[in-house]
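Subject: Structure for your review

Dear colleague,

Please find below the structure that I am handing over to you, followed by an account of what was found in it. I would be grateful if you would read the two side by side.

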Amino acid sequence: MKLIIAIIQPHRLEAVKQALAEVEVFRLTVMDVQGFGRERVQSETYRSQEFAVNLARKVQIMIGVNDEFVDRTVDAIVRGARSGAEGQIGDGKIFILPLEDCVRIRTGERGGEAI
């Protein structure tokens, strides 16, 4: 089992969800997050004062999958989150972590069956 964490642009969430549905991945958790990577610091104006915005709004997706779903899940996220054919700085990152165990609270099932 693996835990896949993807940080993507908020406007690409629906495309990622659609790409995941096409590969039969339907369970996910979505969180609003802020952070920065290679994107440039942007400036905004508020009440005639200019200030730097150094944290970009992103969306974090967490998906627990069995090993046989890892590649297709990652490929679907890349397909849905990439801007254009070659992508752009700021499209996001995907982290794949080992998932030691999973427990379904309702039934007590453990491991891959609980996912």
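In this predicted model, helices α1 and α2 cross in a right-handed sense. Their axes come within 8 Å and cross at roughly 145 degrees. On the α1 side of the contact are Ala15, Val16, Ala19, Leu20 and Glu22, which meet Thr73, Ala76, Ile77, Arg79, Gly80 and Ala81 of α2.

Helix α2 itself comprises twelve residues, 70–81. At 1.5 Å a residue this helix should span 16 Å, and its end C-alpha atoms are indeed 16 Å apart, so expectation and model agree. Its buried residues are Val70, Thr73, Val74, Ala76, Ile77, Gly80 and Ala81. Viewed down the helix axis, these buried residues fall within an arc of 160 degrees, and they therefore line one face of α2. The elements they pack against are α1 (13–22) and the strands β1 (2–8), β5 (56–65) and β6 (92–98).

The largest nonpolar core has 18 residues, and those with the most contacts inside it are Ile8, Val16, Leu20, Ile61, Ile63 and Ile77. Two or more residues come from each of β1, α1, β5 and α2, with α2 giving the most, namely five.

Val16 may serve as a starting point for inspection. Leaving aside residues up to four places away in sequence, Val16 touches Ile8, Ile61, Ile77, Gly80 and Ala81.

With kind regards

Notes:
Residues are numbered from 1 along each chain as its sequence is written. This is a predicted model: local features need pLDDT of at least 70, side-chain atom pairs count only at pLDDT 80 or more; totals for chains, interfaces and linings use all residues. Side-chain values use heavy atoms; hydrogens and water are left out. Helices (H or I, at least four residues) and strands (E, at least two) are DSSP runs, numbered from the N terminus. The expected span of a helix is 1.5 Å times one less than its number of residues. Buried means under 20% relative accessible area, exposed over 50%, partly exposed in between (1.4 Å probe, protein chains only). The arc is that of the directions from the helix axis to the C-beta atoms. Contact means heavy atoms within 4.5 Å. A nonpolar core is a set of buried Ala, Val, Leu, Ile, Met, Phe, Trp, Tyr and Cys residues joined through side-chain atoms within 4.5 Å. Axes are lines fitted to C-alpha atoms, for helices over the stretch in contact, and angles run from 0 to 180 degrees between N-to-C directions. A crossing is left-handed if the near helix is turned anticlockwise from the far one by less than a right angle, and right-handed if clockwise.
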